[in-house]
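This tour proceeds by selection: each stop names what to pick in the viewer and then describes what is found there. Please open the structure and keep the sequence beside it.

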Amino acid sequence: MIVLNLSCPDEHVFEGWFASSAAFEDQLARGLVSCPICSSRGIRRLPSAPYVQTRTSMPGTRKPVGNDEHAGQPASAASSPPSQVIAQVVHALRNLARDAEDVGERLPEEARRIHYGEAEARNIRGAASRDDVEALLDEGIMVLPVPVKDDDLH
């Protein structure tokens, strides 16, 4: 599953979720992608990059300064979603992973085949090394590590 930043001729910016870049291109060519605000079908893909959270930074968290009683607390509710929302997102991602085709160690190869239109677009899951994941991202192939529970995929 990939998330693309999209825009219409009226400069309305929105996200679209697709199985792959090829799936987006196919749906765009068939006129199936439209702006949720104005319904325009003149959609273009905007440049985007994957978001990576590091252990040393937390979005929306201010660095402690002096005696500020709010130091280290989230700067605003909008920049720090509640834990319930995060739990819902993780649950939804686990459901997607559970329902995806398990390609095991062939994940990098199969993701490339789907991305380049050599295989049917579909949700897949499997295993990949950190180097494989970085190489896929460098090629513009969106992959997402999903934390799973042992019993989620049985």
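Begin by selecting R44, a partly exposed residue with a relative accessible area of 40%. Here, partly exposed denotes the range between buried (under 20% relative accessible area) and exposed (over 50%), evaluated with a 1.4 Å probe on protein chains only. The model is predicted, so local features need pLDDT of at least 70 and side-chain atom pairs count only at pLDDT 80 or more, whereas totals for chains, interfaces and linings use all residues. Residues are numbered from 1 along each chain as its sequence is written, and side-chain values use heavy atoms, with hydrogens and water left out.

**From R44 to E11**

Add E11 to the selection. The side chains of R44 and E11 form a salt bridge, with N to O at 3.3 Å; the term requires a side-chain nitrogen of Lys or Arg within 4 Å of a carboxyl oxygen of Asp or Glu. This pair links distant parts of the chain, since R44 belongs to strand 3 and E11 to the loop between strand 1 and strand 2, 33 residues apart. Strands (E, at least two residues) and helices (H or I, at least four) are DSSP runs numbered from the N terminus.

What is notable about the phi of E11? The angle is near 65°, a positive value in a residue other than glycine. E11 takes this phi within the hairpin of strand 1 and strand 2, which has five residues between the strands. A second stop of this kind is S39, which is not a glycine but has a positive phi of about 70°. S39 is located in the loop between helix 1 (21-29) and strand 3.

**The sheet**

Now display the strands as a cartoon. Three of them form an open antiparallel sheet in the order 2-1-3. Strand 2 and strand 3 are the edge strands, each pairing on one side only. Pairing of two strands requires that DSSP find at least two bridges between them.

Select residues 2-7 and 13-18: these are strand 1 and strand 2, which pair in the antiparallel sense over six bridges. Within this pairing, L4 has G16 of strand 2 as its bridge partner, and V3 has W17. Next, select residues 44-45, which make up strand 3; its antiparallel pairing with strand 1 extends over two bridges. On this side, L6 stands opposite R45.

In a regular strand the side chains alternate between the two faces of the sheet. The next two selections both include side chains of strand 1.

**The core and a surface patch**

Which residues make up the largest nonpolar core? Select I2, L4, L6, C8, F14, F18, F24, V33, C35 and I43, 10 residues in total. A nonpolar core is a set of buried Ala, Val, Leu, Ile, Met, Phe, Trp, Tyr and Cys residues joined through side-chain atoms within 4.5 Å. Strand 1 and strand 2 each supply at least two residues of this core, and strand 1 gives the most, with three.

Turn then to M1, V3, W17 and L96, which form a nonpolar surface patch with about 360 Å² of accessible area together. Such a patch joins nonpolar side chains (Val, Leu, Ile, Met, Phe, Trp, Tyr) within 5 Å, from residues with over 30% relative accessible area and no salt bridge. The areas come from the Shrake-Rupley method with a 1.4 Å probe, and only the protein chains shown count as cover. V3, in strand 1, is partly exposed at 30% relative accessibility.

**Further salt bridges**

The whole structure contains nine salt bridges. Select R30 and D26, whose side chains meet at 3.3 Å, N to O. Of these, R30 is exposed at 54% relative accessibility, while D26 is partly exposed at 39%. Another stop is R98 with D99, where the closest N and O atoms are 3.8 Å apart. R98 is partly exposed at 35%, and D99 is exposed at 62%. Finally, select E101, R106, E110, R113 and R122 together to view a network of salt bridges.

**Last stop: R125**

Is R125 buried or exposed? It counts as buried, because its relative accessibility is 17%. R125 is part of strand 5 (residues 124-126). Show the backbone oxygens of A97 and A100: a polar atom of the R125 side chain lies 2.7 Å from that of A97, and the R125 side chain reaches that of A100 at 3.4 Å.

Technical notes
Polar contact = N/O pair within 3.5 Å; in protein donor to acceptor, adjacent residues only side chain to side chain. Patch = residues over 30% accessible without salt bridge, like charges linked within 9 Å, V, L, I, M, F, W, Y side chains within 5 Å.
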